[in-house]
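Colleague: Please take one part of this model and go through it closely. I would like the geometry first, then the residues, then what lies around them.

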Amino acid sequence: MTQQIKFIQEEIFHREEGKYVEFKSVESQKPVNKIVDHAEEYIIGFLNASVEGDIYLGINDSGNIRGITLNRSQRDEIQKKITDKLTTIDPVIPPSFYGVNIYFVHDAECKQIEDLCIVQIQVSQIEEDYLYKTS
């Protein structure tokens with residue numbers, strides 16, 4: 001995991017929600033499934049609109065950095081399940097069309113909070129003549 005952005009819990013994220021940036025808080029007993037569902041919805045939406053976009057899971061609509069508690073196996077599972085889900089779509093969405101980055105969240109003293117993460121999904125702009133449908 002390469003970290004270029006430092007996410008500080010309860011601070012306001014420097015980007016704003018808009019046409020190409022979406023924030024989603026994830027409050028669920030099964031966060032992996034919720035993350036995969038959001039990923040499918042927004043990846044398909046950005047691809048069908050032929051725009052590049054970013055989804056930040058673990059940031060609420062106000063831009064407040066909350067984080068999602070994910071252990072090591074859940075972090076690995078997210079990568080696999082998103083790829084698996086997107087290969088069931090017709091036509092198949094290749095992994096080169098999107099990227100999944102997981103960043104750790106830090107406290108006010110810049111210490112990493114164990115297993116608290118932000119999931120960023122980056123979607124590339126593509127020029128295709130067909131539309132993708134959710135599963």
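Modeller: Axes here are lines fitted to C-alpha atoms, for helices over the stretch in contact, with angles from 0 to 180 degrees between N-to-C directions. Helices (H or I, at least four residues) and strands (E, at least two) are DSSP runs numbered from the N terminus. The model is predicted, so local features need pLDDT of at least 70 and side-chain atom pairs pLDDT 80 or more, while totals for chains, interfaces and linings use all residues. Residues are numbered from 1 along each chain as its sequence is written, and side-chain values use heavy atoms, without hydrogens and water.

The part I chose is the pairing of helix α1 (residues 31–48) with helix α2 (residues 72–86), whose axes come within 9 Å and cross at roughly 40°. The two helices are therefore oblique to each other (not under 35, over 145 or 65 to 115 degrees). Their crossing is right-handed (near helix turned clockwise from the far one by less than a right angle).

On the α1 side, the residues meeting α2 are Pro-31, Val-32, Asn-33, Ile-35, Val-36, Asp-37, Ala-39, Glu-40 and Ile-43. Their counterparts in α2 are Gln-74, Glu-77, Ile-78, Lys-81, Ile-82, Lys-85 and Leu-86 (contact: heavy atoms within 4.5 Å). By type, this contact has nine nonpolar, five charged and two polar residues. Glu-77, one of the α2 residues in it, is partly exposed at 30% relative accessible area (buried is under 20%, exposed over 50%, partly exposed in between, with a 1.4 Å probe and protein chains only). From Glu-77 to Ile-65 is 22 Å, C-alpha to C-alpha, across twelve residues of sequence.

Ile-43 and Ile-82 also belong to the largest nonpolar core, of 30 residues, where they are among those that touch the most other members, with Ile-93, Val-119 and Ile-121 (a core joins buried nonpolar residues through side-chain atoms within 4.5 Å). Two or more residues of this core come from each of α1, β3 (53–57), α2, β5 (98–106) and β6 (112–123), and α1 gives the most, nine. Apart from it lies another core of twelve residues, including Val-21, Tyr-56, Leu-116 and Ile-118.

Tyr-56 is also in contact with Glu-22, as are Glu-17, Tyr-42, Asp-54 and Ile-55, leaving aside neighbours within four places in sequence. Glu-22 lies in strand β2 (residues 21–24) and is buried at 17%.

Beyond α2, the loop leading to β5 holds Pro-91. The peptide bond joining Asp-90 and Pro-91 is cis, with omega about -5°.

Conventions. Nonpolar A, V, L, I, M, F, W, Y, C, P; charged D, E, K, R; others polar.
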